[in-house]
Structures are given as C-alpha cells and as structure tokens.
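The following exercises are to be worked through with the sequence and the coordinates at hand. Each task is followed by a solution in steps.

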Amino acid sequence: APLAELSGDQRFHTFLKNNLEFTRKIKGDVAALQRVVCDTFQLCKEEELLLLRQDLDIAQAPLELCHGRSFQADACFSQIREGLRTYHSSLDAVLELLPGHAALVETLQLDAANLSSNIQHQMEDLGLATVTYPTEARRPLPAFSSHFHHQVGGFFILANFQRFLETAYRALRHLAH
Amino acid sequence: VAVGSPIVPLGSAVTASCTIQSKLCRGLEQEKVRITWMLDNEPIAGQQGQGPGDTEVSNLTLPQFNRTQAKLWCWVEWNGTKQRVGMAEIRAGYPPSKPFNLSCTLNLSDYGLTCQWEPGADSHLPTSVVLKCAGSRAPAVTGCTPQGGRSRCTVPRRLLQLYRHMEIWVSATNTLGTAESEHLCIDPMDVAKLDPPALQSIQSIPFQTDCIALTWEVARSNAHMELQCELRYRTPADTAWALVTNIIGHAGTTQCCGFLFGTQYHFQMRCRRSLAQGYWSEWSLGRNYTTHEKAPTGKLDAWWSTRP
C-alpha cells in the first residue's frame, strides 16, 4: 500500500515509534563519542576545522530525498539504509582512533546495522524494493596523512553522522505524525 | 564387555555379553573358563556357551534396568580366585523434559538479554541445554549456553535485533531425545529492565497550599526513551501507598495536591517504556519531605482564667 495509506497502520506506527527511539539512542551514543573526541583531542567546534575539512576525504551520506519538497518515503528509507552502511564503515576509523572506547564504537556499529535491517524488513513488509548489501563488504578506510588528520577525520565522521541521524530522525517523525 | 547401548530408557531391558579368548590369557588355557557377572556389587546370572573362534561367551539380559547408573562387571575364575576381566558402565534415564516458564530481561547497561526458565524433571542423563534465538528472516543460532547446570544465560548484544521481534526458546538434548520450550516471540526492547529515576527536589509550591512540586531525572540509559512513570508516597503512619500514575517521564516535574500540613511524607518513583508497557524499573531511592505548617483558620477565641 502506498505509504500515505499506512499512516493508520498500527504496525507501521509501532515501527516508526520504535525506530524513532532507536535513532535517539544512536544519536546519544554518537554525542557521547563526540564528547570523548572533544575531551581527548580538544577538537570540539566544527567552525574551527573547516579549512582542514577540505583536505580530508570524509564520507557524507546524502539524504536529500528525506526532506523538503523532494521527500519520498521509500526513497528516503533507501537513502537512510545506504547512509547507515557508509557510517558503519567510516566508524572503523573512529575505532582505530579511540581504542579505549571500542565497546561504544562497536555498539554504535551494531546499532547502525540493526537499524538498517529494521528499515529493510519494514520496507519488505510494505512491498517496497530493497537492496540487500553483502554483510561484510567493508569500504576502504580513508587514508589520513597524519595522526592529527586522523583525529580531525574522526571528528567529522561523527559530526556528519550526527547530522545524518538528525535528518533521518525528522523524516521518521514526519511519517509518524 | 559389550552392551547393547550404554544409555537406555529407565526401566527398559539391557543386554550384555562377555567374551573370553582363553588362549590369549596366560594361565587360563587348559582350565574350563567360568564367567560370572556382578551389577555393581550384586551377583547376576548369565548364560555361558561357546562362542566363535575358540571363545567362551556369557550373555546377560536385565529385563528391567531400574538404576540411573551402574557398573556391569565380568568376572572369570582363575587359580581358585575371581578375577575382574571387563566392565561396562550403563546409564538409564529419560528423554529431556520440556523446559518451561521461559522469560527474559534486557539489561540496558550492556544490552545483554538474560533469560531464565524451569528445566523440568531431571532426566538423570547428561543433557546439553542451549538457548536458541532467531531473528525475523534469519536462521536460528545458539544465543547462549547456561553454565554450571544453571537455568539462565545471557545472549550478547551482537546476536540480538533491537526493535524487532525475535524468536527465543530453550533446547535440551540428551541421548534419548530433544525437548524444546515454548518459543517466545519478543522484541528485546519490550523486556528492557529500566534503571530507576532519581528524585531531585520536593517543594511546597504554590506556597501555603496543600500541593507539592516534585522534580526528578530519568536514568541516562533511558534518556532516549518515551517513559511513563508513577509516583508513590505515604506518611510513616500509613501502611498503604498513595499512587500517582501516568506521569510523563521526560516532563521532569509534577505537582500533586491534597497533602496534610506539617507532615512527613516518603516519596518514590518508577518508570517504564510507554511504547510497550514493558517491565517497570525498580522504585527509585526514597526521599522524605515534611510539608510546611499552616496557620490555623477560624476566629481566635481568647479567654483569661483567673482565680478569686
């Protein structure tokens, strides 16, 4: 059924409410890692690192189909899944950067994969076309020319992921109301 | 000693045979081999006869083996003495009982799912028990294996799918069969055990009324959840608690009225996810608060007693 008709479907509503909560949890964990990066490397403000950002090849997942006039729920779901996959891989760089917080980073990767499969199952339940990604196809880590660049890269991976989650959250909330 | 099966259903028949090749046993060649049996310490009669290839064989049937464990000894008489020449250990029991009362709780500090169950009657046999779990559209895997004969174990986060239904059950297997518990179909988040909130402050607001304003903080591990909370309070003299329900967790403050003046009350709060009506958290640590005194109302009667 077209997504519009589903606004009354209780299971779809439960899916949205549950995964809104899940997204809030992931956002909280990303924020916790951002605090660690700030405390550990004194990298706290994006505006102080804009020049460096241009030199670093930091993945940023597109979500243009999740907001504004071009909002299309099924396409947005696919973009969210693709983005979660991108950040799942990028977090490997953060894992290397913060070995002392491996548990939190790995939980974040688990949650990102879990949220993506939740969305995939929901899309399948809705009869929407879905992409099944090879589970272990990991993207190559960006090559950082120095440890400092690695730190800044880690900072932007988390900042971009937080923004991505914020947009994804608003899209899910839009569908929930 | 050869037995039909070393493990048999309790009460069923057991067959065994003891074969002696006397020419291989120094000192036995010439004499007439006499084979006897003992079940642990109890003599048992067998049927002895010649076996293939110049052997002596004694066959034994125990029609109803009622012990859960026993040693079946084969003896031979030699130089006027009895010699143990062979042994078979036999165990008897039942197929595993069906585990029951399976329930699970998700711990929000490590997101491990701890499940416990009742094992059912003892099968008297070595039985392997595992907790199985299967995500929707995913194959069943072993979630965890209870240690030390316990009937509980914890499925690690990496094997769970949060916010989606999973099937969870217990599987018990021994030589005589396999038994499975009922299959639980749950979203691990729906059985999350929340950490209790923390009461922060209690004040008489608005002043000079019978109302109080109470503030609290939800636990960090629940911060991302929509919570439904309830407050309970009583005076030291009360036996029953007064209960205030349907408080929105993230409000962080609530106001209640109808309190007695100048009275000490004890307050506690607990919360649960409003999405799934899952488990309540424990009650928070208690907080005492004594409401303020109130000026007496009504006309003041003044009198003066004098003694003539």
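**Exercise 1. Strand pairing around strand 12**

Determine how strand 12 of chain B is joined to strand 15 of chain B, and in which direction the two run.

*Solution.* The model is a predicted one.
Step 1: strand 12 covers residues 128-135 of chain B and strand 15 covers residues 166-174 of chain B; eight bridges join them, and they run antiparallel.
Step 2: a residue pair fixes the register, with Gly135(B) standing opposite Met166(B) of strand 15.
Step 3: strand 12 of chain B is also joined by three bridges to strand 13 (residues 141-144) of chain B, again in antiparallel fashion. Here Leu131(B) stands opposite Cys144(B) of strand 13.
Step 4: strands 12 and 13 of chain B form a hairpin with five residues between the strands, and in this hairpin Arg137(B) takes a positive phi near 60°.

**Exercise 2. The interface of the two chains**

Describe the interface of chain A and chain B by its buried area, its contacts and its salt bridges.

*Solution.*
Step 1: the two chains bury about 1600 Å² between them, and carbon and sulfur atoms account for 45% of it. In chain A, the residues that lose the most area to chain B are Glu21(A), Lys25(A) and His121(A), which together make up 33% of what that side buries.
Step 2: in terms of contacts, 16 residues of chain A meet 18 residues of chain B.
Step 3: five salt bridges are counted between the chains. One of the salt bridges pairs Arg137(B), the hairpin residue with the positive phi, with Asp125(A); their closest N and O atoms are 2.3 Å apart.
Step 4: the rule for polar contacts finds 16 residue pairs across the interface. On the side of chain A that touches chain B, helix 1 (10-41) and helix 4 (102-125) of chain A each supply at least two residues. By class, that side has two nonpolar, six polar and eight charged residues.

**Exercise 3. Edges of an open sheet**

Why does one side of strand 14 and of strand 18 of chain B lack a neighbour in the sheet?

*Solution.*
Step 1: the strand order in this open sheet of four strands is 14-11-10-18 (chain B), with mixed pairing.
Step 2: strand 14 (152-155) and strand 18 (192-193) of chain B stand at the edges and have a single partner strand each, so one side of each is left without a neighbour in the sheet.
Step 3: strand 18 of chain B is joined by two bridges to strand 10 (residues 100-107) of chain B, and these strands run parallel. Within this pairing, Asn107(B) has Lys193(B) of strand 18 as its bridge partner.

**Exercise 4. Two loop residues**

Classify Ser181(B) as buried or exposed, and do likewise for Leu260(B).

*Solution.*
Step 1: Ser181(B) lies in the loop between strand 16 (177-180) and strand 17 (184-186) of chain B. Its relative accessible area is 4%, under the 20% cut-off, so Ser181(B) is buried.
Step 2: beyond four places in sequence, Ser181(B) is in contact with Lys98(B), Pro99(B), Leu102(B), Trp169(B) and Val170(B).
Step 3: Leu260(B) is placed in the loop between strand 23 (253-256) and strand 24 (264-273) of chain B. Its relative accessible area is 53%, over the 50% cut-off, so Leu260(B) is exposed.
Step 4: not counting residues up to four places away in sequence, Leu260(B) touches Tyr265(B) and Thr291(B). The C-alpha atom of Leu260(B) is separated by 9.4 Å from that of Thr290(B), 30 residues apart along the chain.

Technical notes:
Residues are numbered from 1 along each chain as its sequence is written. Chains are lettered from A and ligands numbered from 1 in the order in which they are written. This is a predicted model: local features need pLDDT of at least 70, side-chain atom pairs count only at pLDDT 80 or more; totals for chains, interfaces and linings use all residues. Side-chain values use heavy atoms; hydrogens and water are left out. Contact means heavy atoms within 4.5 Å. Buried area is the accessible area (1.4 Å probe) that two parts lose on being put together, summed over both. A salt bridge is a side-chain nitrogen of Lys or Arg within 4 Å of a carboxyl oxygen of Asp or Glu. A polar contact is a pair of N or O atoms within 3.5 Å; within protein, one must be able to donate a hydrogen and the other to accept it, and residues adjacent in sequence count only if both atoms are side-chain atoms. Ala, Val, Leu, Ile, Met, Phe, Trp, Tyr, Cys and Pro count as nonpolar, Asp, Glu, Lys and Arg as charged, and the others, Gly among them, as polar. Two strands pair if DSSP finds at least two bridges between them. Buried means under 20% relative accessible area, exposed over 50%, partly exposed in between (1.4 Å probe, protein chains only).
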